[in-house]
Amino acid sequence: MRVGIGRFIPGGKGRSVASATTAVVLMGCAVLEANRREGKSNAECKSAPRYAGEVQDVIIVGGGIIGTSLAAHLVVAPGKLGNPQLNCGSFGHEFSKPTPLRVTLLEKQSIASEATGLSAGTIHSAGPLKSELPLDNSLARTFTFAHISNKLYEHLESSLEVGYTKCGSIHLACNQEEKKWAARKAEIYTSHAEDSSGVRFLESKEKVAQIVPVAQDVVGGTFIRDSAQVNAGLAAHALADMASEAGANIVENASVTSLERDASDIYNVTTSSGDVYRARNVVVASGAWINDVLPKALHQPVRPVKGQITMSNDQVPSTSLEALPVVYFVESEIKKASLKTSPMCITVDADNNPLYDHAYGKRGADGRFYFGASRMHPAHDRDYAVDESNLRRVMNSKVFAAIPALRPHFEGDGTGSWAGLMPFSEDSKPIIDVVDGKGLYVASGFGAFGICWGPGTTLFLAQWLRGGVRPRILDGFGATR
C-alpha cells in the first residue's frame with residue numbers, strides 16, 4: 001500500500017529548475033503513481049495508514065534509493081528482484097532463506113524527492129569480483145556492492161523501464177600524470193574483476209577515439225565495459241511499488257517528529273500528522289538529514305554537500321555521440337586522493353573557491369546529456385541554488401575541451417540545471433550500523449555512491465535485520481570507526 005502518493009518532482013516540493021523552458025522533466029522522469037494506474041485520485045489514496053500503532057518488524061525512515069531498496073529486499077521475493085543474492089560472489093555464504101516481515105517506509109516528501117531524484121544515476125561497475133580475493137579488501141566490498149546494484153537495475157529495466165543502459169564508462173586522462181594513474185587503475189581493476197577483459201587501459205588518444213571518436217584534448221584513459229547509467233528516480237519508484245505490492249506500507253508526506261524507545265525495546269515513531277508507528281527495529285536512511293530524526297545523543301557525522309548537474313537541450317545527438325559511455329575525469333581521482341578536504345569529496349575551499357575542476361556525465365536513456373560539476377559547501381541545509389558561473393567554467397575547461405562535439409547540445413533553448421544535496425560522512429564512506437546497541441540502525445553517508453552502491457549494501461543490511469548478525473561485508477562502515 002502506498003499512502004499520500006503525489007506527483008514525483010525531483011528535488012521535492014517547490015523546487016524549480018533553471019531552464020529556458022517553462023516545463024522541464026528532469027532526467028526523463030515519468031510520473032509513477034499507483035493511484036493513477038488504478039484510476040484513483042490522490043485524495044482517494046490518502047486513506048488511514050496501515051499498521052499505525054501495531055508493532056512491526058522494521059520501520060524505514062527515508063524514501064530514496066537506500067530506503068526503497070531496503071524495503072524491497074525485506075519483503076519482495078528475491079526472484080522478482082533478479083535473485084540479487086546470486087551476485088554476491090564470496091560474500092554470498094552469509095545468506096539465509098528470506099522470511100516475510102512487516103515493514104513500513106516513512107518519507108517526509110515523496111519517493112526520490114531529494115538526492116536520489118536529483119542524481120545523475122551513474123553506476124561504476126567492473127562486474128563480479130574474483131572469488132579468491134580476501135574479503136577484508138575494501139575494493140572487494142565496493143566491487144560487490146556495485147555489481148549487485150548494477151544487476152538489480154538491469155533486472156528492473158527488463159520489465160519496468162527505469163532508464164537503464166549498460167553503456168560502459170571511460171576515465172579520461174588529459175596529461176601524462178593522469179595517464180599513469182589511468183594505467184594503474186586499469187591494473188588494479190583487472191586484478192579484481194572476474195572477467196578482466198572488461199577493463200582496458202587506453203594508452204593513447206587514438207585508443208580513446210575507439211570509444212569516443214570525437215574526443216580531443218586527451219592522452220589516454222581507462223574503459224570499464226560493465227558500467228552503466230539509470231534513471232535513479234524511476235528505479236526508486238519501481239522499488240517502492242514492488243515493496244508495496246508485496247505488503248510493505250509506503251507512506252509519503254510523513255515527516256518524523258519524534259523517535260523514542262520504550263521499556264520493552266519497542267520504537268515509537270511519530271509523524272507530523274500525529275500517527276504513531278511502532279517497531280522492533282528502525283532504520284534511519286534519510287540521507288543528509290538523518291540527524292533530524294535521530295536522538296541528539298546519537299547524531300552522526302553526516303552533512304550535506306551540494307552537487308550541480310546541467311542538462312543538454314533536446315537536439316538529436318550526432319552519430320559520434322549516440323554511444324557515449326559514462327564519462328569521468330582522472331584528475332578528480334588524483335585530487336581526491338591528494339587533497340585533505342573534509343569531506344574528502346569537496347572540490348572547493350571554505351569560501352567555495354575552486355580547488356580543481358571536477359566533472360562527470362552521461363547520455364541518458366532519453367537521449368539528453370547530463371553532466372555534473374563541482375561539490376560545494378551549501379550555504380545552509382536547504383541550499384539548492386545553482387552556481388551557473390561555476391557550471392559554465394567547469395564545462396568549458398573539462399568537458400568541452402575533451403569532447404567539443406558536446407558544446408552545441410548545451411546551448412540554446414531546452415537546457416537546464418539544478419543542484420542537489422548529497423549525504424557525506426567525514427571520510428566519504430557510508431555509515432551502516434546499529435547506533436544504540438538495540439534496534440536503531442543508520443544507513444547514510446553514501447555521498448556520490450548512493451545509486452551505485454545502495455541496493456548492494458541494503459541487500460546485506462536486510463540480511464542483518466532478518467538474522468541479527470552483521471554481515472562481514474559491512475565491516476568498516478561502523479559508526480565508531
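In this predicted model, helix 5 (residues 138–160) packs against helix 6 (residues 176–192) at an angle of about 75°, and their axes lie 11 Å apart. Angles of 65 to 115 degrees count as roughly perpendicular, and helix 5 and helix 6 are therefore roughly perpendicular to each other. Leu-139, Ala-140 and Phe-143 provide the helix 5 side of the contact, while Ile-188, Tyr-189 and His-192 provide the helix 6 side. In chemical character, the residues of this contact comprise five nonpolar and one polar, with no charged residue among them.

Helix 10 offers a second point of interest. Its 15 residues (388–402) reach 20 Å from the first C-alpha to the last, which is close to the 21 Å expected at 1.5 Å a residue. Along the way, helix 10 bends by about 40° at Met-395. Met-395, the site of that bend, is itself buried. The other buried residues of helix 10 are Asn-390, Leu-391, Val-394, Lys-398, Val-399, Phe-400 and Ala-402; the list thus takes in Lys-398 as well as residues such as Leu-391 and Val-394.

Turning to the chain as a whole, the protein contains 11 helices and 20 strands. It has 481 residues, of which 58% count as buried. Among contacts in the protein chain with a separation of 6 or more, 78% are accounted for by residues 24 or more positions apart.

Key: Residues are numbered from 1 along each chain as its sequence is written. This is a predicted model: local features need pLDDT of at least 70, side-chain atom pairs count only at pLDDT 80 or more; totals for chains, interfaces and linings use all residues. Side-chain values use heavy atoms; hydrogens and water are left out. Axes are lines fitted to C-alpha atoms, for helices over the stretch in contact, and angles run from 0 to 180 degrees between N-to-C directions. Helices (H or I, at least four residues) and strands (E, at least two) are DSSP runs, numbered from the N terminus. Angles under 35 degrees count as roughly parallel, over 145 as roughly antiparallel, 65 to 115 as roughly perpendicular and the rest as oblique. Contact means heavy atoms within 4.5 Å. Ala, Val, Leu, Ile, Met, Phe, Trp, Tyr, Cys and Pro count as nonpolar, Asp, Glu, Lys and Arg as charged, and the others, Gly among them, as polar. The expected span of a helix is 1.5 Å times one less than its number of residues. The bend at a residue is the angle between axes fitted to the seven residues ending there and the seven starting there. Buried means under 20% relative accessible area, exposed over 50%, partly exposed in between (1.4 Å probe, protein chains only).
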